[in-house]
Amino acid sequence: MTEGVLEYTRRRLVRRRWISGGIVAGFVVAIIASALGTGFQVRDLYRGMPNIITFLVEDLLPPRFSVWRRFWKPTVETVAMSYAGTFFAVIFAAPLGFLAARNVSPNPVVMQIARAFAVFMRTIPPLVWALLLVAIVGIGPFAGALALGLSGAGMLIKSYADSIEDIDPGQVEAVVATGASRFQVLMKGVVPQFLPSFVSWSLYRFDLNIRSAAVVGLVGAGGLGFALSTSVRLFRYNEAAVAILWILGLILVIEYVTAFVRGKLL
């Protein structure tokens, strides 16, 4: 009996080693294939280092701080469209999150449709939404806010649904035992447990939207990204450096603010 157990253990260890070795070999092959497919060459990167250093030292630095006031309005636009995009995403995703949760969805078909819709929304990145919306509504922060809202809705639907599915069923069953209606069960048994996750995920989406706003602005959706893109197109790289510093500072401030609000609310 003991010998059989030892033999089984030995075979299991050998199988694990072969599987681990196959996974490592697969990663190595993927890295090599990626390098060959993209034409990546360490030699070319090394040869290009002097040009990179020259660009950083002579063109990008030092930043032209005299134009910092020019980026104040784009900063306000970035915050505004990030907030508007987050608000739109939350309003849009909250009901769909309940429909996509297995434990509260009224129907399995409705659940699958809501989850499929969330997958579709998440598949399209904010930059693609921005390209489409700039063509539809024109250049400006309105297109950026819509792009951030649509891309954020897909993520929040899934996050809300997963959070609802993780609630304690015991509390829900206790409310059901009192003879409460379905709406009362949701409001008394589900929503109180879901609320902390709702706040946390919503603040996290706002934090992400600040970063994404700089990207969507590069295609004409307003904000600091658009100001940065304009400076680069005009070869004013020292002004672009100021825009980059503005973006960095804004991200740090918003991250601190969201962490503070999350700590106070949760």
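**Exercise 1. Identify the residues with the most contacts inside the largest nonpolar core, and the helices that build this core.**

Solution. The largest nonpolar core holds 38 residues, and Tyr160, Ile164 and Val190 have the most contacts inside it. Such a core is a set of buried Ala, Val, Leu, Ile, Met, Phe, Trp, Tyr and Cys residues joined through side-chain atoms within 4.5 Å. Buried denotes under 20% relative accessible area, exposed over 50%, and partly exposed in between (1.4 Å probe, protein chains only).

The model is predicted: local features need pLDDT of at least 70, side-chain atom pairs count only at pLDDT 80 or more, and totals for chains, interfaces and linings use all residues. Residues are numbered from 1 along each chain as its sequence is written, and side-chain values use heavy atoms, with hydrogens and water left out.

Two or more residues each come from helix 3 (72-100), helix 4 (108-123), helix 5 (126-137), helix 6 (141-165), helix 7 (169-177) and helix 8 (182-216). Helix 6 contributes the most, with 11 residues. Helices here are DSSP runs (H or I, at least four residues), as are strands (E, at least two), numbered from the N terminus.

A separate second core has 16 residues, including Phe206, Ile210, Val242 and Ile254.

**Exercise 2. List the contacts of Ile164 beyond its neighbours within four places in sequence.**

Solution. With contact taken as heavy atoms within 4.5 Å, Ile164 touches Gly97, Phe98, Ala101, Asn103, Val104, Val190 and Phe194.

**Exercise 3. Characterise the aromatic pair of Tyr160 and Phe198.**

Solution. Rings of Phe, Tyr and Trp (its six-membered ring) pair if their centres lie within 6.5 Å; planes under 30 degrees apart are stacked, over 60 edge-to-face, and the rest tilted. The whole structure contains 9 aromatic pairs. Tyr160 and Phe198 form a tilted one, at 5.2 Å centre to centre and 40 degrees between the planes. The pair links distant parts of the chain, with Tyr160 in helix 6 and Phe198 in helix 8, 38 residues apart.

Next, consider accessibility. Tyr160 is buried because its relative accessibility is 0%, whereas Phe198, at 22%, is partly exposed. Ring pairs also join Phe98, Tyr160, Phe194 and Phe198 into a cluster.

**Exercise 4. Determine where the salt-bridge partners Glu165 and Arg102, Asp162 and Lys158, and Glu255 and Arg211 lie.**

Solution. A salt bridge requires a side-chain nitrogen of Lys or Arg within 4 Å of a carboxyl oxygen of Asp or Glu. The count by this rule is 6.

1. Glu165 and Arg102 form a salt bridge, their closest N and O atoms being 3.3 Å apart. Glu165 lies in helix 6 and Arg102 in the loop between helix 3 and helix 4, 63 residues apart. Glu165 is partly exposed at 24% relative accessibility, while Arg102 is exposed at 54%.
2. Asp162 and Lys158 meet at 2.8 Å, N to O. Both lie in helix 6, 4 residues apart, about one turn of the helix.
3. Glu255 and Arg211 meet at 3.1 Å, N to O. Glu255 belongs to helix 10 (residues 237-265) and Arg211 to helix 8, so the pair ties together parts 44 residues apart in sequence.

Finally, Arg102, Arg115, Lys158, Asp162 and Glu165 are linked in a network of salt bridges.

**Exercise 5. State how the chain is divided into domains.**

Solution. The chain is divided into domain 1 (2-59) and domain 2 (67-265), with bounds from an automatic or database domain assignment. The C-alpha centres of domain 1 and domain 2 lie 34 Å apart.
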